[in-house]
Amino acid sequence: MLIYLPIAEVSVNAFLLLGLGGLVGILSGMFGVGGGFLMTPLLFFIGIPPAVAVATEANQIVASSFSGVLAHFKRKTVDLKMGGVLLVGGLIGAALGVQLFNALRAIGQVDLLVKLSYVVFLGIIGALMFVESLNAIAKSRKASGPPPRRHHRGWIHALPFKTRFRTSGLYLSVIPPLLVGVAVGVLAAIMGVGGGFIMVPAMIYILGMPTKVVVGTSLFQIIFVTAFSTLLHATTNFTVDMVLAVLLLVGGVVGAQVGARIGVYLKAEQLRILLAIMVLAVCGKLAFDLLVQPAELFSIGMEGSH
Amino acid sequence: MKRLALICALMLAPLAGLAQEDDETPPESIVVGLSQESVAITANFNGSEILVFGAVRRDGPVEGEDPLEVIISIEGPPRPATVRRMDRNYGIWMNVESVEIDAAPTFYAVATTAPFNEVITSTEDLRHRISIPRAIRAVGTGSDRPADFTQAVIRIRSDAGLYQVLENTVTLRGETLFNTSIALPANLVEGDYRARIFLTRGREVVSSYTAAIEVRKVGLERLIYTLAHERPLVYGLLSLVIAIAAGWSASAVFRYIRSN
């Protein structure tokens with residue numbers, strides 16, 4: 001069944017969108033990630049204009065994060081204070097990101113920026129996860145030795161404006177979480193992702209937060225940052241497609257629940273290595289497109305009409 | 001002397017004919033019907049087909065022996081566009097050059113009774129802007145080779161089914177009745193479309209007719225598009241409310257399923 005998307009101004013098969021939403025939902029349920037980093041490139045592949053894909057995906061992430069964070073509130077695994085600091089950074093970052101996005105859109109380099117961001121970040125995260133989970137599998141085969149202790153980073157504790165984050169059990173300067181927030185906010189606006197796949201490692205390895213509060217806190221913060229960037233995209237670019245968002249999120253929320261069930265049957269290391277392979281595959285496809293001569297060297301932009 | 005007079009007469013005859021055409025109503029005029037005068041883009045819009053049919057009305061004797069030919073074009077609203085060219089920089093393919101096109105039709109189809117070159121001269125084509133390259137107006141500056149960019153627009157839009165050259169697709173019966181059908185693709189832009197019908201004899205236009213076709217988003221499509229552009233803040237907030245409601249209800253529904 002073809003459906004005409006009012007903002008994207010293209011006709012797409014509704015079941016394809018529901019299916020994509022479902023598929024990414026399953027993966028996000030399995031791996032505990034938002035899935036924006038997979039969905040946005042998939043939307044590019046099926047012919048949704050990049051600007052619409054990025055803005056609409058931000059809207060869809062609001063839905064999936066909200067669904068996820070409710071469960072974490074129930075388990076009291078959301079650090080509201082840390083989330084608030086990350087959020088302030090995130091909003092600043094999102095505002096900067098949308099400005100950057102619009103400036104590059106005006107000179108015609110937005111596609112390149114979005115794709116390069118994807119290649120760089122997916123490449124780094126994918127490679128790190130791959131190596132880390134291979135090590136974990138090798139280790140679990142040998143023997144169950146004591147887990148490696150995380151060593152404290154001196155420079156982070158030398159920073160001023162220290163405060164206590166009770167839920168996380170940390171006494172830390174507000175500057176590092178603020179900067180992490182800004183970085184993720186910029187990415188959220190440019191890449192149309194929640195940034196969970198950057199935020200979660202940053203919270204664990206840079207801020208030293210306990211793993212059990214990381215996902216809930218990151219989801220909490222992501223809701224507000226993606227909501228803010230949805231609003232910015234809607235008011236400055238008119239690129240949020242409500243019909244597209246609804247189709248994706250219906251598939252997404254159902255898929256996420258199915259994925260969570262499948263996830264139970266797999267080991268954590270296996271899950272992570274599968275996710276790493278998937279991330280690297282998306283990264284490889286995008287990198288390939290940048291490096292190989294495209295069939296059509298010209299493209300038509302319609303910015304003048306809006 | 002006689003011979004010279006004859007030559008003069010022969011040379012003046014077409015001129016006289018031409019002047020007469022401009023001053024008075026042409027001996028042949030067009031009566032046209034369209035299968036639809038408005039196209040509604042609904043949520044399940046999947047393209048549309050427009051039937052253009054009509055008849056030639058003759059009020060006077062037809063001069064010359066040349067057969068009648070018919071050209072029918074349907075043109076979408078012209079919009080400015082930015083055309084960009086990619087090139088390899090630092091090993092990566094990126095946009096390096098852009099050209100602003102003042103106005104290019106978002107849709108253009110031209111159907112004829114015979115191969116295009118046999119039905120009209122290039123001068124007449126230039127005057128009436130009938131062929132696709134002529135329909136794209138005024139390529140702006142910004143490149144040393146603007147022609148490449150115009151060709152790129154035609155190539156890309158032809159591949160997308162937005163520009164169509166349909167030679168030999170107009171059926172003409174007894175030099176009087178003609179009809180053709182033109183397919184409008186699903187990725188149509190809304191606006192005021194225009195159907196033009198030209199009659200030619202000896203590759204010269206003898207009569208023309210223009211009809212309007214309205215292409216509009218209707219219903220939900222209209223509502224969403226208008227809201228997004230006229231009340232962007234309300235639209236953005238509404239999108240968020242829908243997203244949060246969907247997220248909340250999904251979580252509630254699955255909690256209910258799990259508890260049973």
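Guide: Welcome! Let's start with a rule: a residue is buried if 20 or more other C-beta atoms, placed from the backbone, lie within 10 Å of its own, exposed if 12 or fewer do, and partly exposed in between. In chain B, 30% of the 260 residues count as buried.

Visitor: What kind of model is this, and how are its parts labelled?

Guide: This is a predicted model, in which local features need pLDDT (the predictor's confidence in each residue, from 0 to 100) of at least 70 and side-chain atom pairs count only at pLDDT 80 or more, while totals for chains, interfaces and linings use all residues. Residues are numbered from 1 along each chain as its sequence is written, and chains are lettered from A and ligands numbered from 1 in the order in which they are written.

Visitor: Why does A:Lys81 count as partly exposed?

Guide: A:Lys81 has 17 C-beta neighbours inside 10 Å, and that count falls between the limits of 12 and 20, so partly exposed is the right class. A:Lys81 lies in helix H4 (residues 80–106) of chain A. Helices (H or I, at least four residues) and strands (E, at least two) are DSSP runs, numbered from the N terminus.

Visitor: Which residues is A:Lys81 in contact with, leaving aside its neighbours within four places in sequence?

Guide: They are A:Phe165 and A:Arg166. Contact here means that the C-beta atoms of two residues lie within 7 Å.

Visitor: What makes H6(B) and H7(B) oblique to each other?

Guide: Helix H6 (residues 219–230) and helix H7 (residues 232–259) of chain B pack at an angle of about 120°, with their axes 5 Å apart. Axes are lines fitted to C-alpha atoms, for helices over the stretch in contact, and angles run from 0 to 180 degrees between N-to-C directions. Angles under 35 degrees are roughly parallel, over 145 roughly antiparallel, 65 to 115 roughly perpendicular and the rest oblique. The angle of this pair fits none of the other ranges, so H6(B) and H7(B) are oblique. B:Leu227, B:Ala228 and B:His229 in H6(B) meet B:Pro232, B:Val234 and B:Tyr235 in H7(B).

Visitor: How do you know that strands E4 and E7 of chain B pair?

Guide: Two strands pair if DSSP finds at least two bridges between them. E4 (residues 68–75) and E7 (residues 108–112) of chain B have 5 bridges in the antiparallel sense, with B:Ile74 opposite B:Ala109 in E7(B). Both strands belong to an open sheet of 6 strands with mixed pairing, in the order E2-E13-E12-E4-E7-E9 (chain B).

Visitor: Why do E2 and E9 of chain B stand at the edges?

Guide: Strand E2 (38–41) and strand E9 (163–166) each have a single partner strand, so one side of each is left without a neighbour in the sheet.

Visitor: How many residues does each chain give to the contact between chain A and chain B?

Guide: Chain A gives 49 residues and chain B gives 47. H3(A) contributes the most to the side of chain A that touches chain B, with 9 residues. Strands also pair across the chains: 4 bridges join E5(A) to strand E5 (residues 78–89) of chain B, running antiparallel, and A:Phe298 has B:Arg85 as its bridge partner in E5(B).

Visitor: Where in chain A does pLDDT stay under 50?

Guide: Over residues 145–149, for which the model has 0 contacts beyond four places in sequence. Where pLDDT is low, the predicted coordinates should not be read in detail. Chain A averages a pLDDT of 79, and 91% of its residues score at least 70.
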